[in-house]
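Subject: Structure for you to look at

Hello,

Here is the structure I promised to pass on. Please open it first, then read my notes below.

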Amino acid sequence: MLQLKNIYKSYITGGSRQIALDGINLKFRESEFVTVLGPSGSGKTTFLNIIGGLERCDKGDLIINGKSTKEFTDSNWDFYRNNNIGFIFKNYNLIPHLSILENVTIAVSFNGLSKKEKQEKAIEALNRVGIKDYMRKTSQYLTKDEMQRVAIARLLLKPCELILADEPTGSLDIKNREIVVKLLKNMQEQGKTIIVVSHDPFFEAIADNVIDLSANIK
Ligand code: ADP
Ligand code: MG
C-alpha cells in the first residue's frame, strides 16, 4: 500500500546541512503493525512527517497505493492527509479554551450526523480511553497523559487507512499504556496499517515489523 524509494531528506540550519533521512527503502503492507526505533535525532519524526505528507523529501519517491507522488499537487497532498492518515503527534493540537468533549466532537468528520449524534460518538470514544468522567474539563488544564488520551479518542473517530503515531504512550502510566496499545492493535485488526515510533516494549512485542533507524545517520 505504501512504498518509500530511496527517501532522502536534509535540513539546512545556520549554513550547515543536517541529514535527517539518508536513502530509506521500505514497503508497508495493508494491516501491518510497524514499530520504529532509534535514538534521538535519528530521523524518526521526519520519517513520519514524510509518510504523512506533512513534509516533502528532497530526493526519492513515496509511492501510495502503487502511484508515485512526484507529481502530487498541494491539493493531492491535502486530500491524502485528510482521507488516508490518522495522526497522533506530540503537540496534541487541542484548542485550549474548549472542553475535552468539544475538542473531540469537532474531530468527528462523518457527514450527515446531527450535532447530538456527533457528540454521542465523541462520548463513546472518550469512554474507551477512560476520560468520560471529566470530559467537560477545559483542555488547557489537562495533564500530558490526559492530552495523549484525548488525541487517541480523536483518532478513533477519524476514517483512515494508515495511522502514524509519535511516542503515543510516552506520558502514560502502565494501565493507560496497555489501553492504548490494545486500541491500536484493534485498529490494525480492522485492516488499518499502524506505524508507531516508540521504545515502549509493548509495541515491539506486537509488531509485525520493527524498523531501527539508528543506522540511518552515521
Ligand atoms: P528524531 O525524531 O529521531 O529525534 P528528527 O526526525 O526529529 O529525529 O530529526 C532528525 C535530524 O534532523 C536531527 O538532527 C534534527 O535536528 C534535524 N531536524 C529535524 N527537523 C528539523 C528542522 N525543521 N530544521 C532543522 N533540522 C531539523
Ligand atoms: Mg522525534
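A polar contact is a pair of N or O atoms within 3.5 Å; within protein, one must be able to donate a hydrogen and the other to accept it, and residues adjacent in sequence count only if both atoms are side-chain atoms. By that rule, an oxygen atom of ligand 1 lies 3.4 Å from an N or O atom in the side chain of Gln18. An oxygen atom of the ligand is also 2.7 Å from an N or O atom in the side chain of Lys44. The protein buries 64% of the 560 Å² that ligand 1 exposes when taken alone (Shrake-Rupley accessible area, 1.4 Å probe; for residues, only the protein chains shown count as cover).

Some background. This is a predicted model: local features need pLDDT of at least 70, side-chain atom pairs count only at pLDDT 80 or more, and totals for chains, interfaces and linings use all residues. Residues are numbered from 1 along each chain as its sequence is written, chains are lettered from A and ligands numbered from 1 in the order written, and side-chain values use heavy atoms, without hydrogens and water.

Now helix H2, residues 74–84 (helices are DSSP runs of H or I, at least four residues; strands are runs of E, at least two; both are numbered from the N terminus). Its buried residues (under 20% relative accessible area, 1.4 Å probe, protein chains only) are Trp77, Tyr80, Arg81 and Asn84. They fall within an arc of 105 degrees seen down the axis (directions from the axis to the C-beta atoms), so they line one face of H2. The face turned away carries Asp74, Ser75, Phe79 and Asn82, which are exposed (over 50%). The buried residues of H2 pack against E1, H1, E4, E6 and E7 (contact: heavy atoms within 4.5 Å).

Best wishes
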